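Grab your viewer and let's work through a couple of exercises. Each one has a task and then a stepwise solution.

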Amino acid sequence: MSEEKSNNFIEEIVEQDLKEGKYKRILTRFPPEPNGYLHIGHAKSICLNFGLTMKYNGDTNLRFDDTNPVTEDTEYVESIKEDIRWLGFSWINEFYASDYFERLHEFAIELIKKGLAYVDDSTSEQIALEKGSHTTPGIENKYRSRSVEENLQLFAGMKNGQFKEGEKVLRAKINMASTNMHMRDPVMYRIKYAYHHRTGDKWCIYPLYDFAHGQSDSIEKITHSVCTLEFVPHRELYDWYIKELGIFPSHQYEFARLNMTYTVMSKRKLLQLVNEQFVSGWDDPRMPTISGLRRKGYTPSSIRLFCEKIGIARRDNLIDISLLEFCIREELNTTANRRMAVINPVKLIIENYEDGRSERVTLENLPNEPENVREVSFGREIYIEREDFMEIPVKKWFRLAPGQMVRLKGAYIIKCERIEKDQSGEVSCIYCSYFPESKSGHDTSNMKVKGVIHWVHALDCVPAEFRLYSHLFKSENPALESGDFKDDINPDSLIVKRGVIENGMKTSPYGNHFQFLRNGYFCVDKDSKAENLVFNRTVGLKDSFVPQKKN
RNA sequence: UGAAAUAUAGCUUAAUGGUAAAGCGUUAAAUUUUGACUUUAAACAUGAAGGUUCAAUUCCUUCUAUUUCAACCA
């Protein structure tokens, strides 16, 4: 009974290749650079790469693209592995581009010997200048015609530390007039006296992305090397190295990267938000990182569902963040236990309810599971949400207002008799009467009320901190804003509230998900302690109530 | 003044040389002890111009718009 889902264009290619017998088995790879945390855009790529080989019975390698020792770190390696596992995927091999430094070095020598690579003594500025522009071809410099022997000798010198950083590079000899800038004698190796997180001080020359990625794919015999659209112009070079080296022909296919409203996806910008402390860290719940979403209360399956829903194509896109929110609501609606929490409390006293009396009322943990219940304490003094009372109600106001009646969820119908205000004019207490025969489950009152509100017994509750998150940025596409993207940060992206919650929540461990009735889905934050419960709002409930103008 | 990629409802993704489909979002209504969920309904699309054709969103040409490309980053 599964609904037909059409293949995306990469699945079409894979099916075709399999059908034609081009490959017996496919192999993909996920190639992160360990210089930052994974974000929801990476999740799209992960779901694609691993999803492809799950669907077509192949394997996926995890390969760290660690060719730039100055920005990379093992902290990132560990977080990346954790995030992929958490998303529910497992790789068959864990590889590192640095595993291939020896091989890559041999490849470079091979190209020098073929007369296809040369050592250039120019400065980076000179090289950039000689590259020309989109409209003018580049020019060939004097080092381009060095002999094979000289190149071999100089490259050995580079490797052996005879030159300073920036003094020399190894370049491929391709075509300085190509319309593709990447083919104008791209740099293959540069000198860097930097400690590498895996190879230590063994090397002082490091290959660039283009000279490492395709060959790494080839060494691993990757059949389908999937990446994002910015790499389209690199494909010609990717193919060139593979062809000239005569190695296994991996193929590159590109899809459009994910963009999402009200957030940024560039690692550079995310790093800036962390470093400049606009957020508390990579796992701040406002970050679009996997770890941030996890802390905010997103589940692996909700993220996978999201990735499935956004699809794979080649056109630029800006996904509405409401789709992500839909995916987590849909799941949590069926799995998250209901609890009552009052985030912005105001006291309510039921004057005709005997002082000192209390009783237990029964509430469902999950709708549609009538057996699955808990008991909650009820009494004369309770807290309700400040927003559930309006002194001068708007039209179609179903909640509490002077003289108006409402049901307390799972308990009685009450009627607002009068209110009390403090010096500042704010409501400090709401006085009500209740109808004893209206008790939930035993209601003989025959009364009908439109509104049902949640509440917490004042004598049997615990204080709690609620962290209410909203969009990190004010505009839909912060990347498009001119000037500093940080000026667009939403000052209200985190609002901390102190309220109360029904008793019995003290021992909920980190990560547990709840629906706080009428307030939204929340999870226990890692900062939560028995003395100070902390809940993160994962996402609010849909709210179709739009206040009309006052009556 | 270059090259490449892309263009289907508000967003995302389908499909087809012959009635353009779905999810999200939006708007109504029903239901409801969560103004949630659920159910029902509604509105909204093939960038433009030519050409081939009985018939073009699909094929061809041109135009326009958007994105990407000149790091010793990936």
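**Exercise 1.** Which polar side-chain atoms lie by a sugar or linking oxygen of RNA strand B, and which by a base nitrogen?

*Solution.*
1. Start with D543: one of its polar side-chain atoms sits 3.0 Å from a sugar or linking oxygen of RNA strand B. Keep in mind that this is a predicted model.
2. Now N68, where a polar side-chain atom is also 3.0 Å from a sugar or linking oxygen of that strand.
3. For the bases, try H234: a polar side-chain atom there is 3.1 Å from a base nitrogen of RNA strand B.
4. Zoom out to the RNA atoms within 4 Å of the protein: 59% belong to sugar or phosphate, and the rest to bases.

**Exercise 2.** Describe the protein surface near RNA strand B.

*Solution.*
1. Count residues: 62 surround the strand, and the closest are R190, R338, R399, S440 and Q515.
2. Sort by class: you get 22 nonpolar, 22 polar and 18 charged residues.
3. Look at elements: β6 (187-191), α11 (300-310) and α12 (321-335) supply at least two residues each, and α12 gives the most, with 4.

**Exercise 3.** Is strand β2 (residues 59-64) mostly covered or uncovered, and what does it pair with?

*Solution.*
1. Check burial: 5 of the 6 residues in β2 are buried.
2. On one side, β2 runs parallel to β1 (residues 27-30) through 4 bridges, with T28 partnered by T60. The chain gets from β1 to β2 through helix α2 (residues 40-55), a right-handed β-α-β crossover.
3. Next, 4 bridges join β2 to β3 (residues 93-96), again parallel; R63 has F95 as its partner. With helix α3 (residues 74-87), β2 and β3 form a right-handed β-α-β unit.

Key:
Residues are numbered from 1 along each chain as its sequence is written. Chains are lettered from A and ligands numbered from 1 in the order in which they are written. This is a predicted model: local features need pLDDT of at least 70, side-chain atom pairs count only at pLDDT 80 or more; totals for chains, interfaces and linings use all residues. Side-chain values use heavy atoms; hydrogens and water are left out. Buried means under 20% relative accessible area, exposed over 50%, partly exposed in between (1.4 Å probe, protein chains only). Two strands pair if DSSP finds at least two bridges between them. A crossover is right-handed if, with the strands pointing away from the viewer, the path from the first strand over the helix to the second runs clockwise. A residue is near a molecule or strand if one of its heavy atoms lies within 4 Å of it. A polar contact is a pair of N or O atoms within 3.5 Å; within protein, one must be able to donate a hydrogen and the other to accept it, and residues adjacent in sequence count only if both atoms are side-chain atoms. Ala, Val, Leu, Ile, Met, Phe, Trp, Tyr, Cys and Pro count as nonpolar, Asp, Glu, Lys and Arg as charged, and the others, Gly among them, as polar.
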